[in-house]
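User: Please go through the helices of this model with me, one at a time.

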Amino acid sequence: MIEKVDCFLPFVDAEASSRIVSELGADKSVQHIYVTVPQEEHDRIDPIPGCSFLPIDQPLSTNAMRRMAETAVSPYVLLCLKPVPWHLGLYALQRMLRAAAETGAAMVYADHLSVEGGQTVRHPVIDYQEGSLRDDFDFGSLVLLSTHHLRLFAQQPTLPDYQYAGWYALRLFLSRQGTLFHLNEYLYTEQEDDLRASGEKQFDYVNPRNREVQVEMEKAVTAHLTEVGALVDTSRYRTINFSEDQFEREASVVIPVFNRVKTIRDAVDSALAQKTNFKYNVIVVDNHSTDGTIEFLHNNYPQLQLIVNSENRGVAAARNQGIKVATGKKLLLLDNDTEATTTAINAMIDYLDTHPQVGLCSCRLVDKDGVPQDSCKPYPGLMIKLRNVLGIGNKTKYEPSDNGIIEPIYVIGACQMFGKEVVNKVGLLDEHIFYGPEDADWCLRIKHDGWRIHCLNNHTIVHDYRRSTKRRPFSKLGRLHIKALIYFYWKHKRLF
């Protein structure tokens with residue numbers, strides 16, 4: 001007995017859609033063919049013999065999935081996910097139908113050939129795993145669905161009306177109901193219309209222009225994680241008790257410096273000029289400067305607590321020295337090329353006081369012209385580091401929430417505020433890291449201990465990074481950075 005299938009494909013253009021419909025119509029397995037068209041264009045597209053038009057709002061919306069579930073009468077549905085030309089190989093549809101029948105899978109997808117720049121190349125896809133949660137997981141253009149499972153999805157009483165995440169919610173639902181079976185055969189050929197490198201495509205998700213899409217995808221995956229019992233219970237985040245110990249001051253500012261006599265004035269002046277209603281102090285740790293920095297600080301800032309090293313001990317060690325002698329309840333680490341606005345310390349202290357689940361916070365960093373800097377970072381994997389060195393690819397950009405908060409993997413060490421309790425629980429910065437990525441390591445350890453990392457996007461710190469982070473990859477400092485990265489990857493057992 002030949003299994004029957006109803007086909008749903010988006011309108012491409014008159015010629016390509018007519019060819020696909022004609023090809024499907026010649027297959028005895030195909031019972032009905034529907035071409036999905038935008039509702040507003042339904043009356044403007046000439047009819048195509050052998051198919052019916054199915055008006056929808058968005059190609060991959062919840063409404064589109066519902067319309068297909070209501071329309072399909074065959075046991076299976078062939079769904080085309082992309083509006084691109086394609087054609088089936090010999091007996092391709094029969095192979096997918098047979099695999100679905102024999103495995104009882106909720107969905108079947110297959111390897112395919114891809115026409116890219118006039119060349120036909122193999123395009124294998126990978127097996128779907130329980131943790132395959134990316135909304136852009138590559139199934140190829142064609143998937144075969146169980147109509148029964150499609151209807152179960154559409155009949156959910158609490159199903160949100162997604163405009164963009166309807167298909168994503170459906171395939172997550174299918175993964176909970178049954179198997180998403182990968183048929184390891186090249187069954188069709190599609191015309192690839194996006195020829196960008198994969199390293200460039202992966203940043204589409206964080207593009208601000210796709211904000212509405214991002215929000216829906218996050219809602220869909222949150223619902224899925226809730227269904228499978230994998231959603232993180234945020235009530236278990238560690239909270240900070242700032243009244244646990246007695247402190248002389250509300251805050252201490254720690255600034256490490258090495259041969260920065262031309263920039264240290266702005267950093268110290270801004271730190272001392274904070275408008276607060278509490279006591280705080282400023283600690284500068286000098287890593288054996290030889291350009292007059294030490295003398296400048298001695299002569300101009302007698303109110304500073306100045307620590308002078310007999311050798312350059314590195315950034316992490318200098319910060320630790322400041323942390324150890326600090327008498328503030330909270331600690332602010334600043335680079336020596338920063339200028340804090342007069343309310344920055346107050347804002348960060350208020351935020352930590354009202355958000356005890358946050359272990360470390362920062363402010364948005366901007367340059368002298370007010371242009372935001374890339375200070376909120378993902379995990380500093382090897383490929384990201386190589387792209388930064390070579391100056392290729394897009395950088396991951398985190399979008400602030402409606403209340404102006406960004407929650408990255410880590411914030412750079414130019415501005416980091418935290419409570420003394422965090423140091424007591426997590427420990428000091430890792431002094432095996434002479435120069436970078438001690439800030440990433442510090443944030444990861446804080447997160448692993450149950451706290452969160454937040455950046456206050458509505459408050460700024462000026463960071464003249466061009467003066468302190470220009471380095472040659474193979475200079476002494478560059479080699480120390482590479483050595484620190486190798487240690488960092490070994491320590492966290494993660495390269496990417």
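**Helix faces and ends**

On the side of H3 (helices being DSSP runs of H or I of at least four residues, numbered from the N terminus) away from its buried residues, Arg98 and Glu102 are exposed, that is, over 50% relative accessible area with a 1.4 Å probe and protein chains only, while buried means under 20% and partly exposed lies in between. This is a predicted model in which local features need pLDDT of at least 70, side-chain atom pairs count only at pLDDT 80 or more, and totals for chains, interfaces and linings use all residues. Residues are numbered from 1 along each chain as its sequence is written, and side-chain values use heavy atoms, with hydrogens and water left out.

User: Which residues of H3 are buried?

Analyst: Seen down the axis of H3, the buried residues fall within an arc of 160 degrees, so they line one face of the helix. The arc is taken from the directions from the helix axis to the C-beta atoms. The buried residues are Ala92, Leu93, Met96, Leu97, Ala99 and Ala100.

User: How far apart are the end C-alpha atoms of helix H3?

Analyst: Helix H3 has 12 residues, 92-103, and should span 16 Å at 1.5 Å a residue, the expected span being 1.5 Å times one less than the number of residues. The computed separation agrees with this, at 17 Å.

User: Which exposed residues does H1 carry on the face turned away from its buried side?

Analyst: In H1, the buried residues are Ala16, Ser17, Ile20, Val21 and Leu24. They cover an arc of only 130 degrees around the axis, which puts them on the same side of H1. The face turned away from that side carries Glu15, Ser22 and Gly25.

Conventions
Helix = DSSP H or I, 4+ residues; strand = E, 2+ residues; numbered from the N terminus.
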